[in-house]
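Thanks for coming. I will go through one structure today, part by part, and keep it short.

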Amino acid sequence: MNDFHPRIAQFERVVFFTGAGMSAESGVPTYRGTGGVWKEYDYEAYACQPAFDADPAKVWEFHNFRRRLVGACAPNPGHTLLARIERLLPQVTVVTQNIDGLHQLAGSRRVLELHGSLWRVRCAGCGQRHAGRDVPFADLHCADCGGWWRPDIVWFGDALRADVIRDAVEAIADCDLLVAIGTSAVVYPAAALPLEARRAGATLVEINPEPTPLSDAYDVSLRGTATEMLERMCEGLALN
Ligand code: OAD
C-alpha cells in the first residue's frame, strides 16, 4: 500500500466494480480461497451448460441450496455505503460479478450484473426470463415452450450478455474513479474491464485484503476489508 489516500468526495463519476469479497461480510462464501464454493463443488458438475444438459435436477439442487444460503444473508455496511454514495454523487454505477442481489437489496439502483442473477431464470428453449426469489425453484419447465428453466447465471463457458457488457464499458469509460472491491481478478472477460478506466484517465483503486494478479495496474491497493476501506474512502462525504 502506498500513501495515496483517495477520497470519494473528490470525484463525480464513480464505478464500483465488485466481486465475491464484497459480500463476504454478509456471510456469502467467496469462490476461491478457504471455504470457497469451487473448493467444495466441482463447477464442471454444477455450473456449466453440459452439466445442466446431463442432469438438470442435480444442477437445480445445487442452485436451490445456494438460493437458500444466499437468501438468508443480508446486505452488509459496505453494500449500504455504496447505496448511500449513489444518492450523493452525480453518477454512480455498480458493475458486479456477484449474483446474490445484495447491492439491490441495500438500495443501489444502477447495478449491472455481469454474471447474471441467482434470482432470475431463463428458459433454455425460448430464452424468456423470469425473476423471483422462490426457494426451492420448483417450476422446472416453461409453460410456453416446454423448455427447461435454468438459472440466469453466466456459467463457465457461457457468453456474457452483450447489452450488460456494453453498459458496463460505457460507465467505466466515462468514470473519474473506479474502485474494484473484493475480486480475485482471475475470471475473464470481467477481470479486465476495470482497466478500461485507465484509458479514460480515471483513478483506479483496488480494495482487497490480498494482492491480485492485476494489483499493479491500480494507482493504489487498499489492503483491508470492503467496509473498512470504503469507510476510509468516504471521509469528507456528508453521508448523514
Ligand atoms: P473470488 O472468490 O475469486 O475472489 C474473492 C476475492 O475477495 C479474493 O481476492 C479475496 O481476497 C477477497 N476478499 C475476501 N474477503 C474480503 C472482504 N471482506 N473484503 C474485500 N475483499 C475480500 O470471487 P470473484 O473474483 O468475484 O462467477 O470471482 C469471479 C467469478 O468467479 C464469480 O463471479 C463467479 C466465479 O466463478 C459466476 O458465478 C458466474
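## Ligand first, then the sheets

Let me start at the ligand: one of its oxygen atoms sits 2.7 Å from an N or O atom in the side chain of Arg32. Please keep in mind that this is a predicted model. Two further distances go to the backbone. An oxygen atom of the ligand is 2.8 Å from a polar backbone atom of Ala20, and a nitrogen atom of the ligand is 2.9 Å from a polar backbone atom of Ala226. On its own, the ligand has 800 Å² of accessible area, and the protein covers 89% of that.

How many residues surround the ligand? There are 22, and the closest are Tyr31, Arg32, Thr183, Ser184 and Asn208. So much for the ligand.

Next, the sheets. One is an open sheet of six strands, and its pairing is parallel. Reading across it, the strand order is 3-2-1-7-8-9. Which strands are at the edges? They are strand 3, residues 111–113, and strand 9, residues 220–222, and each of them pairs on one side only. Ignoring direction, neighbouring strands in this sheet are turned by 20° against each other on average.

For a closer look, take strand 7, residues 177–181, and strand 8, residues 203–207. Five bridges hold this pair in the parallel sense. If you want a place to look, find Leu178, which stands opposite Leu204 in strand 8. Packed on the sheet is helix 8, residues 162–173. Helix 8 touches strand 1 (13–18), strand 2 (91–96), strand 3 and strand 7. The direction of helix 8 makes about 135° with that of strand 3.

Now another sheet. This open sheet has three strands in the order 5-4-6, and here the pairing is antiparallel. Its edges are strand 5, residues 129–131, and strand 6, residues 149–153, each pairing on one side only. From one strand to the next, the twist averages 40°.

Strand 4, residues 116–123, runs antiparallel to strand 6, and five bridges join the two. Within this sheet, Val121 stands opposite Pro151 in strand 6. A helix packs here too: helix 5, residues 56–71, touches strand 4 and strand 6. Its direction makes about 145° with that of strand 4.

On to a pair of helices. Helix 6 covers residues 77–88 and helix 10 covers residues 226–233. Their axes come within 8 Å and cross at roughly 35°. Is the crossing of helix 6 and helix 10 left-handed or right-handed? It is left-handed. From helix 6, the contact involves Pro77, Gly78, Leu81 and Leu82. From helix 10, it involves Thr227, Leu230 and Glu231.

Last, some details of the backbone in the loops. The peptide bond from Val135 to Pro136 is cis, with omega near -5°. Pro136 belongs to the loop between strand 5 and strand 6. Another cis peptide bond joins Tyr188 and Pro189, with omega about 10°.

Where is Pro189? Look in the loop between strand 7 and helix 9, which is residues 196–199. Ala185 is also placed in the loop between strand 7 and helix 9. Phi of Ala185 is near 60°, a positive value in a residue other than glycine.

That is what I have. Questions are welcome.

Technical notes
Residues are numbered from 1 along each chain as its sequence is written. This is a predicted model: local features need pLDDT of at least 70, side-chain atom pairs count only at pLDDT 80 or more; totals for chains, interfaces and linings use all residues. Side-chain values use heavy atoms; hydrogens and water are left out. Two strands pair if DSSP finds at least two bridges between them. Helices (H or I, at least four residues) and strands (E, at least two) are DSSP runs, numbered from the N terminus. Axes are lines fitted to C-alpha atoms, for helices over the stretch in contact, and angles run from 0 to 180 degrees between N-to-C directions. Contact means heavy atoms within 4.5 Å. A residue is near a molecule or strand if one of its heavy atoms lies within 4 Å of it. A polar contact is a pair of N or O atoms within 3.5 Å; within protein, one must be able to donate a hydrogen and the other to accept it, and residues adjacent in sequence count only if both atoms are side-chain atoms. Accessible areas come from the Shrake-Rupley method with a 1.4 Å probe; for residues, only the protein chains shown count as cover. A crossing is left-handed if the near helix is turned anticlockwise from the far one by less than a right angle, and right-handed if clockwise.
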